[in-house]
Amino acid sequence: MCGIIGYIGKRNAFPILRNGLAKLEYRGYDSAGIAILSEELCIQKDVGKLQEIQFEEFEGPIGIAHVRWATHGRVSKENAHPHSDCHNEIVIVHNGIIENYRELKAKLMGKGHVFRSETDSEVVPHLIEEFTAEGFSFEEAVIHALRMLEGSYTILALKRGEQKIAGARKGSRSLTLGISDDGFLPASDVLAFLEWTNKVVYLKSEDVFFADAARGLRIYNLAEDRFVKRPVDRVKCSAEGVERGEFEHLMLKEISEQDETILRALQQDEEVIQGICDKMHHAIGTFFVGCGSSYHACLAGSYMFSKTAKLHVNVALASEFEHYEHFLTDKTLVFAVSQSGETADVLDAVSAAKRRGSTVVGIVNRDGSILARESDSQLFMNSGPEICVLSTKTYTSQVVLMDLLAYALAGKYEEGLKKIGGLYLDIYNLTSRSMRDYLARLARMLRDTRDIYLIGRGAQYATALEAALKIKEVSYIHAEAFAGGEIKHGTLALIEDEVPCIVFVSNGNKNKILSNAEELKSRGGYIIGVSPENEAIFDHWIKVPDAEELNPIIQIIPMQVLAYQLAVYKGLDPDKPRNLAKCVTVT
Ligand code: M6R
């Protein structure tokens, strides 16, 4: 889940890398580092977010850089990348996991290599060192070293005296090479170099590239054991929207964009939608898989498919999908739902589906992501870049897309477009200044609470789960969601006087959820109703318009705002919550 970028060309690498890292910081902000190669090899790294680290500008036309989300080894300067060999001649940055690093490290230490970090990554420069010491060229040494690594990774490497960057991609990690007029920019994400170029080469698994000041670009594939050609593409997404503009935080900006992003999600080719519906009608078994918020969107969608389209779909957490794999055949349809299109658990599910001949539809935001490239057909969310670690606008876009599919399956495509599009103004009002102020007052009241419980029924159960996730990840308050009918089966024991309980109410179907709210209230719960009507049982009312079956799109929005305000009141950074990263590329 780290981010890597490199540059080799005619310019000074430092500002390009420093800037690129800022665009990659959503992938990890435990530490950051930059290595610049000119006559000397200058390595700088430290713990903390980028803006907290004082890098000295060092001149040179070649460099590699890294932002870290710690997996192997704690957050420390020693564990920050870049990592180098024993003599600081070879330096690498790495994203991913080297599964056999313990064994490799023991062997290398046995040969006298001195390790300075606890990371799996550090075996790489020492392995390259070992092979160069045996007389291999830098390029040969890189290839030999990579052949020894198990796991999935992206790596960039430099060697003092070599005017080139070597890099590699294996497995579910993404590495894209930007090709600008004056040089090459390999990076984990095109966003890191989009201001320089939109011309890219998407590296395939087991590709090793050498970007050379003199010889240009060459790509060698480890599995094919030969040099290969890869096409040059143009990326469609733009770097626009990654600044926070007049907003204090990106989270608030991204929440506020939802009036427009739901409309952009609706901009689909009707033929493609009908084609997918056709596949759904004919499939023997349809699965929706995702993680975190994307999983919640799948769950919300499953209720819509059931009620509106009268079609059963299976919903699975991508990380649990392997337990269902044996059901997959060439008649199964698998929807892989992911904002980033790079979540490792989702990509594993896609690989499993492909192994069994199933058809994969990607519901994805990032064009050019692995999911976008590897699924058989795609529905793009069109949300624009979402940089805050929390999913907000992409969550509502995912639900929009599934609702649109459900309407289309029911032969109500046009009606669906109209109904969903009609939420534009409601969403605008829900993110307005007055609503934000109203929710800020509630946040002030709740900021010191230890626990919050949330209940909903049907698709609103998914809303409760998603709202709890928002509150937890950004405010660090324990929030737990239940299907309304479930609390009496155990959780009621936790309800004491004044424990905040958020209840999602839909007009058409409110009796049962209000009874569940009664159960909470009679044990002392403080009832916060998210509802079109004010009900007698509410201690606090969050007024929302009645969007009927589309309530999951509407009712999550005040919850996103509430979570944001809780973080602000607690003095936390909503864009970069502790221990998390935007794109989870480890399984
Ligand atoms: O990029 P993806 O949609 O595959 O990401 C899945 C989850 O990691 C993501 O939704 C995560 O739960 C968010 N931080 C939630 O706000």
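This passage describes the ligand site of a predicted model, together with selected helix and loop features. Residue numbers start from 1 along each chain as its sequence is written, and side-chain values rest on heavy atoms, with hydrogens and water left out. Because the model is predicted, local features require pLDDT of at least 70 and side-chain atom pairs count only at pLDDT 80 or more, whereas totals for chains, interfaces and linings use all residues.

The ligand is surrounded by 15 residues, of which Ser294, Ser338, Ser340, Thr343 and Glu473 come nearest; a residue is placed near a molecule if one of its heavy atoms lies within 4 Å of it. The shell comprises five nonpolar, eight polar and two charged residues. In this classification Ala, Val, Leu, Ile, Met, Phe, Trp, Tyr, Cys and Pro are nonpolar, Asp, Glu, Lys and Arg are charged, and the others, Gly among them, are polar. At least three shell residues are drawn from each of domain 2 (244-422) and domain 3 (428-575), the bounds being those of an automatic or database domain assignment. Helix H8 (292-307) and helix H15 (459-475) each supply at least two residues of the shell; helices (H or I, at least four residues) and strands (E, at least two) are DSSP runs numbered from the N terminus.

Polar contacts are pairs of N or O atoms within 3.5 Å; within protein, one atom must be able to donate a hydrogen and the other to accept it, and residues adjacent in sequence count only if both atoms are side-chain atoms. An N or O atom in the side chain of Ser294 lies 2.6 Å from an oxygen atom of the ligand. Backbone atoms also take part: an N or O atom of the Gln339 backbone is 2.7 Å from a ligand oxygen atom, and a polar backbone atom of Ser391 is 2.9 Å from an oxygen atom of the ligand. Of the 410 Å² that the ligand exposes when taken alone, the protein buries 92%, with accessible areas obtained by the Shrake-Rupley method with a 1.4 Å probe and, for residues, only the protein chains shown counted as cover.

Helix H15 contains 17 residues, and its end C-alpha atoms are 24 Å apart, in agreement with the span of 24 Å expected at 1.5 Å a residue; the expected span is 1.5 Å times one less than the number of residues. Because 14 of its 17 residues are buried, H15 is largely enclosed by the rest of the structure. Buried denotes under 20% relative accessible area, exposed over 50%, and partly exposed the range in between (1.4 Å probe, protein chains only). Just after H15, Tyr476 adopts a positive phi of about 65°.

Several loops show further local features. Asn365, in the loop between strand S19 (359-364) and helix H10 (370-374), is buried at 8% relative accessibility, and its side chain reaches the backbone oxygen of Gly384 at 3.0 Å. The peptide bond from His81 to Pro82 is cis, with omega near 0°; Pro82 belongs to the loop between strand S4 (62-68) and strand S5 (83-84). Glu206, not a glycine, has a positive phi of about 75° in the loop between strand S11 (199-202) and strand S12 (207-212), and is partly exposed at 23%. Glu548, likewise not a glycine, has a positive phi of about 50° and is partly exposed at 47% relative accessibility.
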